Amino acid sequence: MNATAHRYRIALLPGDGIGPEVMAAGRRVMDDLARRRGIAFEYAEYAIGGAALDAHGVPLRPADLDLMRSSDAVLLAALGGPKWDTGPANLRPEAGLLALRKGLGAFANLRPARIFPDLVSASKLKPEIAARVDLIVFRELTGGLYFGEPRGRGEGEREKGRKGEREKGKTAIGRTAYNTMIYSEEEIRRIAKMAFEAARGRRKRVTSVDKANVLEVSQLWREVVTEVARDYPDVELLHLYVDNAAMQLVRDPGQFDVLLTENLFGDILSDLCAELVGSIGLLPSACLGASGPGLFEPVHGSAPDIAGKGLANPLAMFLTIALMFRHGLKRPDLADEVERGVAGALKSGLRTRDLGGAAGTAEVTERVIQKISEEA
Ligand code: IPM
Ligand code: MG
């Protein structure tokens, strides 16, 4: 047993939909660990997303972001929902999440996808292929299309240029909108380094995903990643176009170890990985920067259709808490305990609805807590 007594300050952002339920489940797990391990978690709760729009009229208050900066880790559950879907981009729940990621400088999003042996049959893949899924996506998180400038809606430049023609009634040009994908060398370099470092502790293979056959920004991506690779001669580097990467992930996911990619490609491919491991209700993520607290969030969304019903799968949240212990609080001992507890619960046959079973949030939570203490 690890006898290190410590106090950790955790910022909690329950958010919307199933967010508050899975956050409450996560707190149960953390509190039980704290009691048994002689540590203390000091929680400070903040509104984000739709909850913050309702309470404060903005999806994230700048003052709250400032307060979170002095915590040891920031834990977010999920945000968004149909109630807030009609607002302009800067007043949607998601804008709060982007401001949080950017504000914390959390440029590297780690999304591990590894199959639990007991869930091989829950994957959509043939068992022998599913059994080999063990990869980690390094998704760039504070650049690319999500943060491109300029951006806009309405009369874009292209439309203005053809205004004369339109006024003469020759062409009917509809509405336009645009986003720009921009990456600087430094933005690419810093996440590439993290991906190569991680590969060294794994199977020593980085697959960089881009669209360099079409996009200039991807050509720069490929160049910089290739340069970084020179410092890691022990790590193998492969480049794949994103369309091929999507196909390869389904065809033979076992070939991937560290998958390095830009923001939007990583968003899309990490949802694909959910089906490789069986459910998006299983995928955790860590968002890390150069300094300051990391942000930890499950990959899943707020699932408004099942919110408040006690049906949400809290396992992604528990696994996210494990990543918070490992990468944020530097307590790999606690991370291992939580991960063993989740594996133990699955081994005992427990399945939520997304995994074809009937267990609810509370039942899963109690079983995981029980397994954590049994396996300790
Ligand atoms: C994710 C989500 C977010 C993203 C949304 C909610 C803005 O899909 O974390 O994958 O696109 O990054
Ligand atoms: Mg996503």
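## Overall architecture

Helices (H or I, at least four residues) and strands (E, at least two) are DSSP runs, numbered from the N terminus. By this count the protein has 14 helices and 12 strands. The model is a predicted one, in which local features need pLDDT of at least 70 and side-chain atom pairs count only at pLDDT 80 or more, while totals for chains, interfaces and linings use all residues. Residues are numbered from 1 along each chain as its sequence is written, chains are lettered from A and ligands numbered from 1 in the order in which they are written, and side-chain values use heavy atoms, with hydrogens and water left out.

Along its principal axes, the box filled by the C-alpha atoms is roughly 75 × 50 × 40 Å. The radius of gyration is 22 Å, which agrees with the value near 21 Å for a compact globule of 376 residues; the radius is taken over C-alpha atoms, and the globule rule is 2.2 Å times the number of residues to the power 0.38. Of the 376 residues, 50% are buried, meaning under 20% relative accessible area, with exposed over 50% and partly exposed in between (1.4 Å probe, protein chains only).

## The ligand site

Ligand 1 is surrounded by E94, L97, R101, R111, R139, Y146, D267 and E297, each having a heavy atom within 4 Å of it. Six residues of this shell are charged, two are nonpolar and none is polar. Helix α4 (residues 93-103) supplies the largest share, three residues. Ligand 1 lies between domain 1 (1-110 + 284-376) and domain 2 (124-147 + 182-277), because both give residues to the shell.

Arginine side chains approach oxygen atoms of the ligand: an N or O atom of R101 is 2.7 Å from one, and the corresponding distance is 2.8 Å for R111 and 2.8 Å for R139. The protein covers 78% of the 320 Å² of accessible area that ligand 1 has on its own.

## Backbone features in loops

Most residues other than glycine have a negative phi, and most peptide bonds are trans. A303, in the loop between β12 (294-296) and α12 (315-328), has a positive phi of about 35° and is partly exposed at 24% relative accessibility. K330, in the loop between α12 and α13, has a positive phi near 55° and is exposed at 60%.

The peptide bond joining E149 and P150 is cis, with omega about -5°; P150 belongs to the loop between β5 (134-140) and β6 (152-154).

## A buried loop residue

T352 sits in the loop between α13 (332-347) and α14 (361-375). T352 is buried, with a relative accessible area of 2%.

Technical notes: Polar contact = N/O pair within 3.5 Å; in protein donor to acceptor, adjacent residues only side chain to side chain. Areas by Shrake-Rupley, 256 points an atom, 1.4 Å probe, with all protein chains shown as cover. Nonpolar A, V, L, I, M, F, W, Y, C, P; charged D, E, K, R; others polar. Domains from an automatic or database assignment.
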